[in-house]
Each structure stands twice: as structure tokens, then as C-alpha cells.
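Here are a few exercises to work through with the structure open beside you. Try each task before you read its solution.

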Amino acid sequence: MPEKYLTYGTDGNQRLKAAADQSLGESSAGQIVALDESGKIDETMMPTGIGAPTHAYLTFEGLAAGDLVNVFDDEGVTKVRKADGSDVGKIAHGFVEESFASGTTATVFFSGEVDQTVAEGVTELFITKTPGKAGAFDPTAAFRQVVGRRTSTTTFVFAPGEPTIL
């Protein structure tokens, strides 16, 4: 629930009014901005062209929050599935921030910080043979693809490199 602020009505009386934590378009013009539950400004409040690059795709399989995903063509329909280092056809293109069931529409992020547990001592991350997950380089994988750099034990910045077939 957004914090409230004191304002004056047209009758001169004081009123408490909630700040806006999402934009409803033109009707939200002039509103005071509130941060959302994560402590950030909601993307609906940002001008066009500002914010994380995303795209909505139909899911081929169930996805968990933080999964790295592969965008592919499934009989003429663009879909997403978990990226997988054991299959050269499943390089990492992006990631999801929420869980999605198979056959639903997922929002895929192409840059940003991924919430995924990362082992201590690993700074440069690669796609692994565990579908959707990043980790240390595995020489038994079908290909080598850098997917980012660790920022903490629970997050890393997604910055995919070109895959190299091993």
C-alpha cells in the first residue's frame, strides 16, 4: 500500500491521498510517485523506451523464477523453454523473474539482474547442464556460453556471450 501525503481539496480542507505506485495512463498525470513492494519504481511509471528490454512469449514448458531461457521456433510459433548446456539448440537468450506454467505467456528479460543462487568462488557464470541454471564452466557440456557475472551469492548480472560448441 503506497504511503499517503497531505493535500488540500478545492474546498480548502486537508485530505490524505495515496501516492501512485502504478500508472493508469493520462488519468495518473500529476500524481506523486510511490515505490512498489520491491522498493523500485514500477515500469508502468517509466517513459517509453526506459526500462528493461522484455518480450512476452508462450512457454513450451513450466519455468521457475530465475530460470535462464531459450527462445525458439516451435512449428511456426515463437516460444521459450529452459536454456540447457547439454543441447546446442538451447542457448540462453534471456531469463524470467516469475514462475510460469507450460502454455502460458511469460515475460522474458534480455538484460538485468537474475535472482539465482550462485556458488561461492564462482564469478564468471556459464549455462549448465541443469536446465535453466547458471554455474561454473562444465567441460562436459555440449557448448560453452558465458551468461553473466556474479554480484552476490543470490544474484548475477545477465550478459550472455556467443556460444562455442565443444
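**Exercise 1.** Over the ring of which residue does the charged end of Arg 144 sit? Then look for a similar contact at Arg 81.

*Solution.* Keep in mind that this is a predicted model. Start at Arg 144: its charged end sits over the ring of Phe 137, at 5.5 Å from the ring centre. A charge may be up to 6 Å from the centre to count, and 5.5 Å meets that distance cut-off. Next take Arg 81, whose charged end is placed over the ring of Phe 72, 3.7 Å from its centre.

**Exercise 2.** Classify the aromatic pair of Phe 95 and Phe 109, and work out which parts it ties together.

*Solution.* The structure has four aromatic pairs. In the pair of Phe 95 and Phe 109, the ring centres are 5.6 Å apart and the planes meet at 20°. Planes under 30 degrees apart count as stacked, so this pair is stacked. Now place the partners: Phe 95 belongs to strand S6 (residues 94-95) and Phe 109 to strand S7, so the pair links parts 14 residues apart in sequence. Burial comes next: Phe 95 is buried, at 1% relative accessibility, and Phe 109 is buried too, at 11%. Finally, add Phe 158, which forms one aromatic cluster with Phe 95 and Phe 109.

**Exercise 3.** Describe the lining of the largest pocket.

*Solution.* The pocket holds about 650 Å³ of space. Its lining has 25 residues, and among those nearest the centre are Lys 40, Glu 97 and Phe 109. By class, nine are nonpolar, eight polar and eight charged. Strand S8 (112-115) contributes the most, with four residues.

Methods. Residues numbered from 1 in each chain as written. Predicted model: local features only at pLDDT ≥ 70, side-chain atom pairs only at ≥ 80, totals over all residues. Heavy atoms only, no water. 1 Å grid on protein atoms, 1.4 Å probe; cavity = no way out; pocket = protein on both sides within 12 Å on 5 of 7 lines; lining within 4 Å. Points joined across faces, edges and corners; volume = space filled by probe spheres on them. Helix = DSSP H or I, 4+ residues; strand = E, 2+ residues; numbered from the N terminus. Nonpolar A, V, L, I, M, F, W, Y, C, P; charged D, E, K, R; others polar. Phe/Tyr/Trp six-rings, centres within 6.5 Å; stacked < 30°, edge-to-face > 60°. Buried < 20%, exposed > 50% of the residue type's maximum accessible area, 1.4 Å probe, protein only. Lys NZ or Arg CZ within 6 Å of the ring centre and 35° of its normal.
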